[in-house]
Amino acid sequence: MLSAGHYQILSTLSREGSKSRTELSQLLSVSKATISGLVRDLLDQGILCEQELVFGVGRPSVSLAVRADAAWFIGISMQDDPVVLVLTDLHGTVHARLELPRLTNTDDCVAALADTVHRLRQTVGATKDRLSGIGIALPGFVSRDRRTCVACTALGWRNINIGSAMAELTGLPTWVENDAKALILGEELFGPLRGSPDFSMVFVSHGIGCAHIVNGRLLWGNSGGAGEISHAPVTIEGADALPCRCGNKGCLETVASLLAISNSARRQGLPEGAHELTALATNGNLEAVAILHRAGSAMGLATAQLIQMLDPSHVVVMLDTSLRNGVYGHALLHEAESHTLHRAGTRTMIHFRDFKPDSFAKGAASLAARYFIFGHDDV
Ligand SMILES: [Zn+2]
């Protein structure tokens with residue numbers, strides 16, 4: 001059983017990298033004797049390890065780090081079909097991966113997930129007692145306590161307590177989160193933007209997802225819908241406003257998503273895949289250029305709006321490789337940058353990253369890892 005002091009050390013080393021006992025004492029304003037006692041407990045439990053000697057003023061000191069194999073987690077992404085399950089360590093490195101079809105019947109789904117968790121569990125072998133928890137990312141609304149899927153159109157679920165059902169079948173604590181929110185929490189804990197207090201992530205897939213870290217916390221909103229730019233209106237209702245699967249018209253998703261691009265291409269008798277369409281545009285097909293330019297520009301305007309509203313240090317946009325390198329990506333960057341007010345301080349950096357389904361599963365695993373590191377799952 002760890003105390004608040006243990007968690008302070010664990011979270012500091014996880015956030016800031018390896019530190020000596022003296023540095024921890026200074027950072028946490030706790031006596032070195034107290035730090036040494038707490039560190040000894042964490043070393044005895046195999047959660048920390050001692051690393052190289054650090055030479056500075058006075059005697060050289062030993063730096064401490066969180067052991068990657070101190071705990072293992074399973075992350076499940078139901079963002080798309082097939083479902084992806086990964087097994088990660090405490091540094092977020094993926095050690096094993098399995099897929100299974102995405103089932104919508106909840107009993108069948110939970111049974112299949114639990115069975116696959118069991119198979120992944122076996123790959124950990126001797127250290128299976130260190131498997132600490134499960135995280136699930138799904139494309140829908142989730143309760144604030146991260147147990148219940150409140151609504152998920154893709155799965156047809158309403159008020160399904162999948163967290164408790166999985167915990168019961170597997171014996172492991174289980175957290176559930178919206179896919180975009182799980183993605184950004186994974187980045188915040190494991191990714192290059194680890195510890196950044198203000199940044200946003202957007203992904204462009206068949207739909208569009210988005211989430212924000214503001215002042216070091218996940219932006220939740222009143223009902224968990226903060227960041228849902230997919231259904232933000234970008235076209236004033238009229239001849240240009242296309243119907244959206246949400247029931248409204250003119251949503252960002254109807255213009256800028258992969259689904260919107262393939263629908264536009266099909267209407268004009270062009271290949272529907274982003275890769276083929278981008279290749280056509282690169283070779284000068286004006287219809288293909290127009291489809292990708294319109295879609296990328298709409299995504300760029302949406303990105304400019306979120307920058308104007310939240311002033312993040314970074315916006316990570318995850319999308320298909322061909323889109324990022326072609327007309328879509330160029331139009332996105334052009335519109336985002338030309339519609340963002342130049343501030344006196346540093347500018348928001350927009351990064352493109354390849355869309356990888358495993359990123360959602362890794363984000364899901366971070367939900368459980370967060371509990372191990374901080375002693376709570378409040379973000
Ligand atoms: Zn919509």
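Q: Two strands pair if DSSP finds at least two bridges between them. Which residue of β6 does Thr-88 stand opposite?

A: Thr-88 faces Val-94 in β6. Strands and helices here are DSSP runs, numbered from the N terminus: E of at least two residues for a strand, H or I of at least four for a helix. β5 (residues 83-88) and β6 pair in the antiparallel sense, over six bridges. A caveat: this is a predicted model, where local features need pLDDT of at least 70, side-chain atom pairs count only at pLDDT 80 or more, and totals for chains, interfaces and linings use all residues. Residues are numbered from 1 along each chain as its sequence is written.

Q: In what order do the five strands of the sheet run?

A: Strands of a sheet pair through backbone hydrogen bonds, either parallel or antiparallel. This open sheet runs β6-β5-β4-β7-β11, with mixed pairing. β6 (94-100) and β11 (174-178) are the edge strands, each pairing on one side only.

Q: How do α4 and α5 pack?

A: Fit axes to C-alpha atoms, for helices over the stretch in contact, and take angles from 0 to 180 degrees between N-to-C directions. α4 and α5 meet at about 45°, their axes 10 Å apart. The pair is therefore oblique, the class left over after under 35 degrees (roughly parallel), over 145 (roughly antiparallel) and 65 to 115 (roughly perpendicular).

Q: Which residues make the contact?

A: Contact means C-beta atoms, placed from the backbone, within 7 Å. α4 brings Thr-106, Val-110, Leu-113, Ala-114 and Val-117, while α5 brings Ile-162, Ala-165, Met-166, Leu-169 and Thr-170.

How values were computed. Contact = placed C-beta atoms within 7 Å.
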